[in-house]
Amino acid sequence: MTVRVRFAPSPTGWLHIGGARTALYNFLFAKKHSGKFILRIEDTDQSRSTDEAIKAILEDMRWLGLQWDEGPEIGGPYGPYRQTERSHLYEEAIKQLLSSGSAYYCFCSPEELEKMREDALSRKLSFRYPRKCRNISLEEAEERIRRGEPAAVRFKTPLEGRIKINDIVRGEVEFDLSQLDDFVIARSDKSPTYNLAVVVDDALMKITHVIRGDDHLSNTPKQVLIYRALGYPVPEFAHLSMILGPDKKPLSKRHGSTAVFEFKNKGYLPEAMVNYLALLGWSFDDKTTFFTPQELIEKFDLSRVSANPAVFDFQKLEWLNGVWIRQLDTKELAKRIEPYVKSDYGENFEIDENFYKLVELTKERMKTLRDFVDWTYFYFIEENEFSIDEKDLKKVAASSGFKDILKEARDELSALSNWDRSEIEKALRELVARLEEKPKKVFQAVRVAVTGRLVSPPLFESLEILGKERTLRRLEKAVLFL
RNA sequence: GCCCCCUUCGUCUAGUGGCCUAGGACACAGCCCUUUCAAGGCUGCGGCGGGGAUUCGAAUUCCCCAGGGGGCACCA
């Protein structure tokens with residue numbers, strides 16, 4: 001039996017961290033077992049679903065490297081892969097359930113039921129549909145429908161018994177059927193409800209393992225009932241716990257970024273996102289934290305997924321992103337950074353030697369790709385727009401001899417015939433010795449004057465990349481300005 | 001109200017009866033390296049939700065409680 005799993009988002013917004021993790025676990029499980037990863041769009045709620053959302057979700061999934069084997073844009077043998085295009089399949093299933101006696105028409109109006117529900121709620125009782133229409137015969141019901149009466153379809157839930165499921169991450173979970181009521185499987189407009197649609201789709205798409213969010217656990221017994229009534233094999237289930245915010249509440253926008261594209265914009269690498277997400281609720285052993293996508297595929301194990309909800313740690317993600325950045329080779333890293341430079345300094349930017357040097361220089365201090373543009377402000381800024389950070393300037397300018405140091409530095413550096421890192425260092429160190437100053441004092445003075453900030457990439461390399469002309473100009477300007 | 005799930009350092013986790021005076025990672029603190037910031041190295045801080053029971057022995061098994069979360073729709 002070949003493994004077939006699916007990720008089934010409803011396109012009502014962007015792909016979120018939680019959804020991304022569910023998709024990832026499905027993907028990893030499929031790849032690990034040489035199975036198929038299917039993407040299905042659950043857009044039955046037409047009022048909230050949009051085509052833009054579908055596009056965005058597909059884009060984010062591809063960015064993360066979660067390419068599906070069957071689904072939108074690429075098709076597959078069990079399509080269509082959008083629920084709105086599958087209505088006839090649901091109608092057929094409903095018809096089958098009706099004629100086999102597993103379901104029945106219900107003529108109770110939503111208003112009537114709503115009233116009963118409110119009433120029960122106000123008396124602190126649990127509401128369950130009273131099964132008023134359960135014994136109306138199919139013939140009678142069809143007659144009433146012919147006369148124009150609206151009717152929903154309900155599943156005829158057994159009055160007693162238990163449903164046991166063996167969840168891969170949770171183990172055995174049992175439900176008492178007497179706790180379930182006769183849930184609606186088709187609305188009076190004939191459209192299927194979620195529980196019916198998922199089962200029909202998963203069954204027809206031959207899904208072998210349903211890996212999804214925890215919030216669906218209590219729906220599972222209802223779905224098992226439908227599988228059985230329809231005569232389909234029941235798949236394996238694995239319910240993933242939710243992702244929480246630092247306050248232990250379900251992760252949401254108020255905790256910070258939750259949409260995948262936001263992390264992309266901030267300069268996170270897809271590999272780092274995948275690495276982090278994989279570790280959020282799963283571990284390989286007691287020490288390994290770095291995994292390439294390929295290693296994840298080899299090592300991922302659903303049964304090692306933790307059942308308790310995990311708090312999303314933005315700091316750890318950032319750290320891991322830094323780890324990923326540091327181990328990319330410079331050329332590759334430069335390619336990843338390019339778009340961020342372009343978005344800040346113009347589309348006509350082109351990768352050159354200096355860019356590679358800057359990447360090398362900042363590589364080990366970046367946490368996100370966007371940090372690069374921050375670190376290299378001094379280089380990319382137009383010369384006439386260059387300015388020194390006022391706070392930083394104040395800090396160094398307060399000490400005695402600041403101006404003299406800059407003047408001397410300018411003289412020493414302008415005398416250099418070879419403008420390279422080691423010559424620059426030699427000249428400045430000689431200056432330190434001659435002035436009998438602390439190295440730190442001299443270097444910081446030059447740093448502020450030339451890079452505009454007290455914190456910059458290594459000084460000598462920065463000056464080399466900046467070039468003699470620009471360096472001297474800035475020193476000159478600083479001397480005059482002070 | 002009913003049903004279901006979850007509970008090891010602040011956070012992610014290792015741990016399946018003795019290897020645990022509970023291991024790793026992030027964060028935090030200190031030190032080293034150092035021209036700044038990082039990176040790196042070292043050290044430290046810090047935890048089995050509570051109560052019973054089983055056992056020679058329990059983080060690990062069982063029961064109860066508490067806390068957190070999810071579900072109970074003609075939403076998905």
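The legends below describe close-up views of a predicted model.

**View 1. An open sheet of 3 strands in the order β3-β4-β7, with antiparallel pairing.** The edges of this sheet are formed by β3, which covers residues 103-106, and by β7, which covers residues 184-186, each of them pairing on one side only. Averaged over the sheet and with direction ignored, neighbouring strands are turned by 45 degrees against each other. Strands of a sheet pair through backbone hydrogen bonds, in either a parallel or an antiparallel arrangement. Here β3 and β4, the latter made up of residues 152-155, run antiparallel and are joined by 4 bridges, while 2 bridges join β4 to β7, again in an antiparallel sense.

**View 2. Strand β4, with its bridge partners and its two covered faces.** On the β3 side, alanine 103 has phenylalanine 155 of β4 as its bridge partner, and tyrosine 104 stands opposite arginine 154. Towards β7, valine 153 stands opposite alanine 186. Both faces of β4 are covered, since Ala152 and Arg154 on one side are buried, as are Val153 and Phe155 on the other.

**View 3. Cysteines 106, 108 and 133, whose sulfurs are shown without a bond between them.** The sulfur of cysteine 106 has its closest cysteine sulfur in cysteine 108, at 3.8 Å, which is too far for a bond. For the sulfur of cysteine 133 the closest cysteine sulfur is likewise that of cysteine 108, at 3.6 Å, and this distance is also too far for a bond. The cut-off for a disulfide is a sulfur pair within 2.5 Å, and the structure as a whole holds 0 disulfides. Cysteine 106 is buried, with a relative accessible area of 2%, and cysteine 133 is buried as well, with a relative accessible area of 4%.

**View 4. The aromatic pair of phenylalanine 263 and phenylalanine 314.** The structure holds 21 aromatic pairs, and this view shows one of them. The centres of the rings of phenylalanine 263 and phenylalanine 314 lie 6.3 Å apart and their planes stand at 15 degrees, so the pair is stacked. Distant parts of the chain are linked in this way, as phenylalanine 263 belongs to helix α8 (residues 260-265) and phenylalanine 314 to helix α11 (residues 314-327), the two being 51 residues apart. With a relative accessibility of 1%, phenylalanine 263 counts as buried, whereas phenylalanine 314 is partly exposed, with a relative accessible area of 25%.

**View 5. An aromatic cluster and the surroundings of glutamate 338.** One aromatic cluster is formed by Tyr345, Phe349, Phe355, Phe372, Tyr379 and Phe380. Glutamate 338, which lies in helix α12 (residues 330-345), is in contact with Phe349, Ile351 and Phe355 when its neighbours within four places in sequence are left aside. Its relative accessibility is 18%, and because the cut-off for buried is under 20%, glutamate 338 counts as buried.

**View 6. Two arginines placed over the rings of phenylalanines.** In one of these arrangements, the charged end of arginine 144 sits over the ring of phenylalanine 107, at 4.0 Å from the ring centre. In the other, arginine 474 lies over the face of phenylalanine 386, and the distance to the ring centre is 3.9 Å.

Terms used. Residues numbered from 1 in each chain as written. Chains lettered and ligands numbered in written order. Predicted model: local features only at pLDDT ≥ 70, side-chain atom pairs only at ≥ 80, totals over all residues. Heavy atoms only, no water. Buried < 20%, exposed > 50% of the residue type's maximum accessible area, 1.4 Å probe, protein only. Pairing = 2+ DSSP bridges. Axes fitted to C-alpha atoms, helices over the stretch in contact; angles between N-to-C directions. Phe/Tyr/Trp six-rings, centres within 6.5 Å; stacked < 30°, edge-to-face > 60°. Lys NZ or Arg CZ within 6 Å of the ring centre and 35° of its normal. Contact = heavy atoms within 4.5 Å.
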